[in-house]
Amino acid sequence: MKKVLTLLVALLMVVGLFAEVGVTDDEILIGSFQALSGPISSIGQPMTKGMQAYFDWVNDNGGVNGRKIKLLVADDQFNPAKTTVEVKRLVESDKVFSIVGGLGTPGVLAVMDYLNSNKVPFVYQGSGTSLLSFPPKEYVFPVQPNYTVEGNIVANYFADIGYTKIAIVYRNADDGKEFANAAQELLVSRGIKATYIPINPSAEDFSAEVTRLLTNRPEAIGVMLYGTQAPNFIKQAKQYGLRDVEYVTSYANASVTFIDMLGNAAEGVRSMAWVDVDFTDPETPALKIYGEYNNGEIPNAYAVAGLIAAETFTEAVRRAGDNLTRESLVNALETFDDWQGDIASGITYYDFEGSNKDISRIGKDSMYILEVKDGVFERFTDWLYYMEY
């Protein structure tokens, strides 16, 4: 039935009796929400620049199937109440075709069900919450590994090394709790006890938490913090004497910005990563495209996330063909089978109504670890995978 309706809509478009919201003969209007100001703007600004650079590059090279892509970005300041207002404005007033690349777990969860119930494709979220994937939503397409996958991989990595004194420091919010719960379940399954320390998402001083860690003297610490909290926590921990410790942070910190904020405390710190980009090769597509539209600037990990969001959406539009509708976009995304783009890698979606429905929107389930050496991130491990137990 779904495919019959899609063909009917396509036929109506051909004869001029139907036009999809946000789509004209020569333009596709899409929206995004980003923290362009506020405490997480260090993530939102480069992510936006990455998306815009990719769409500018697409448009300057003829667009997609004869159409240019126009991006409207709302500044929600990482405030989910503001996210809801801005996204409803984009959908109901600006009449965007799709939401692409929204940033932040609080915001994406605030609008996820609204977009899905209104059948507005939501392609790529700057978030790791597994609620985007489970239960699957027909119009919601996550790409990034979720925090359950990441917490599991970090914990299994520590266990494989043989650490017996492990600490997990995490944001006392939904995203951090998901990471910590996944790590705990994996470690318990392997007979390992660990220390779990929640951090207030607005905290700037971590002396009480570090003092608690000093009593346990962990060999390894998984750090599920981001923004300014991750580098400031690690700096304080090292100042208090926790120097001979392996720090592995969440993938939100896999950037030059994080290293700069760490300063002298950066050497040897490790971060999870899932974007496979060679930042030392100027011919890498991510570097070439981003640099072309940003005065030769090298993108950080957040900018690359924006590039991937834009590339994923663009590929789906290309596959959807001339008769672009929201339904044809969804159908096109469901043809992704370990898709390898110029920047993105290993993305698979299944038919929402098919036998693989329960995992139709899972996103990536593999990551690797980077390490700071001589002031830059270098690859430290091969791909690490989610482990069932």
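1. In this predicted model, helix 3 and helix 4 lie oblique to each other, because their packing angle of about 40° falls outside the ranges that count as roughly parallel (under 35 degrees), roughly perpendicular (65 to 115) or roughly antiparallel (over 145). The axes of the two helices, which span residues 80-93 for helix 3 and residues 105-117 for helix 4, are 8 Å apart.

2. As for handedness, the crossing that helix 3 makes with helix 4 is right-handed.

3. The residues that form this contact can be named on both sides: helix 3 contributes Pro80, Thr83, Thr84, Val87, Lys88, Val91 and Glu92, and these meet Pro106, Gly107, Ala110, Val111, Tyr114 and Leu115 of helix 4. Sorted by class, the contact between helix 3 and helix 4 comprises eight nonpolar residues, together with three polar and two charged ones.

4. Turning to the chain that holds this pair, there are twelve helices and 13 strands. The radius of gyration is 21 Å, close to the 21 Å given by the globule rule for 389 residues, so the chain is as compact as a globular protein of that length. Along the principal axes, the C-alpha atoms of the chain fill a box of roughly 75 × 45 × 35 Å.

5. Two further values describe the chain as a whole. Of the 389 residues, 57% are buried, and among the contacts with a separation of 6 or more, 68% come from residues 24 or more positions apart.

Conventions. Residues numbered from 1 in each chain as written. Predicted model: local features only at pLDDT ≥ 70, side-chain atom pairs only at ≥ 80, totals over all residues. Heavy atoms only, no water. Axes fitted to C-alpha atoms, helices over the stretch in contact; angles between N-to-C directions. Helix = DSSP H or I, 4+ residues; strand = E, 2+ residues; numbered from the N terminus. Left-handed = near helix turned anticlockwise from the far one by under 90°. Contact = heavy atoms within 4.5 Å. Nonpolar A, V, L, I, M, F, W, Y, C, P; charged D, E, K, R; others polar. Rg over C-alpha atoms; globule rule 2.2 N^0.38 Å. Buried < 20%, exposed > 50% of the residue type's maximum accessible area, 1.4 Å probe, protein only.
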